[in-house]
Amino acid sequence: MTVTEKDLTNTNISTRYELSPVRNFIGDLSGLLASFTDELIGAFFPRTISKKANIVITELVNNAVRNTADENSKIVLETGINRKLLVIRVTNVAGPEQYAAVWHRIERISTSEDPRKLLAQTIRERRKERLRGGLGLIRLAAENKFDLSAAYDAPYLTVESRIALGGLL
């Protein structure tokens, strides 16, 4: 039996990593997880899709590690892909204020008529005030076409990104 590239894209992949304590994360944990997922997904799906997973995982895991409210807690990374959809979820411990800030950022992105214009406007504003960072979530939506959402089940904040794969296969 011969397996074609089209057959490969009918593969379903689901992974879950739970790592703790956050204080022990040294080196480029997000890069390691992103590279592994990139290779795994890339074995079955086009590289354009696996590279998108790499970008999202790097951004979301970095955010979770930098912004955890408890260095003794865990970070959870979940990925799922099938022929229709790529979903990536990252969970970390956060306070209600942190959740509110993330939710407001995502709401601003989601309600924007044009995420690319929002990205350009945000870059100009941050440059004017000489601020660094703060562009990652906007880039996921503007440049990579991901839909973002956030949920809070105290004390856990989960940020989810999803993209329909229709035109990417």
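A nonpolar core is a set of buried Ala, Val, Leu, Ile, Met, Phe, Trp, Tyr and Cys residues joined through side-chain atoms within 4.5 Å, where buried means under 20% relative accessible area, exposed means over 50% and partly exposed is in between, using a 1.4 Å probe and protein chains only. The model here is predicted, so local features need pLDDT of at least 70 and side-chain atom pairs count only at pLDDT 80 or more, while totals for chains, interfaces and linings use all residues. Residues are numbered from 1 along each chain as its sequence is written, and side-chain values use heavy atoms, with hydrogens and water left out.

**The core**

Let's start in the middle. The largest nonpolar core has 40 residues, and I41, L60, I81, L86 and I88 touch the most other members. The biggest contribution to this core comes from α3, with seven residues. Helices (H or I, at least four residues) and strands (E, at least two) are DSSP runs, numbered from the N terminus.

Which residues does L86 contact, leaving aside its neighbours within four places in sequence? With contact meaning heavy atoms within 4.5 Å, the partners of L86 are I41, I49, A53, G80, I81, F146, S161, R162, I163 and L165.

V159, in strand β5, is buried at a relative accessible area of 10%. Not counting residues up to four places away in sequence, V159 touches L60, I88, R89, V90, V102, I106, S149 and A150. I138 is 21 residues from V159 along the chain, and their C-alpha atoms are separated by 13 Å.

**Two helices side by side**

Now for α2 and α3. The expected span of a helix is 1.5 Å times one less than its number of residues. For α2 (residues 29-42), with 14 residues, that gives 20 Å, and the end C-alpha atoms are 20 Å apart, which agrees. Helix α3, with 20 residues, reaches 28 Å from first C-alpha to last, close to the expected 28 Å.

The two helices pack at an angle of about 160°, with axes 8 Å apart; axes are lines fitted to C-alpha atoms, for helices over the stretch in contact, and angles run from 0 to 180 degrees between N-to-C directions. They are therefore roughly antiparallel, the term for angles over 145 degrees. Residues making the contact include L33, A34 and I41 of α2 and I49, A53 and I57 of α3.

In α2, the buried residues are L29, S30, G31, L33, A34, T37, D38, I41 and G42, and their cover includes β1 (13-19), α3 (47-66), β2 (75-81) and β3 (85-93). The buried residues of α3 include I49, A53, I57, L60 and V61, along with the polar-named N54 and N63. Among the elements covering the buried residues of α3 are α2, β2, β3, α6 and β5.

**Backbone points to check**

Most residues other than glycine have a negative phi, and most peptide bonds are trans. The table collects the exceptions.

| Residue or bond | Backbone feature | Place |
|---|---|---|
| S20 to P21 | cis, omega near -10° | P21: loop between β1 and α2 |
| A154 to P155 | cis, omega about 5° | P155: loop between β4 (147-153) and β5 (156-164) |
| K145 | positive phi, about 65° | loop between α6 (136-142) and β4 |

Is K145 buried or partly exposed? K145 is partly exposed, with a relative accessible area of 49%.

Notes: Angles under 35 degrees count as roughly parallel, over 145 as roughly antiparallel, 65 to 115 as roughly perpendicular and the rest as oblique.
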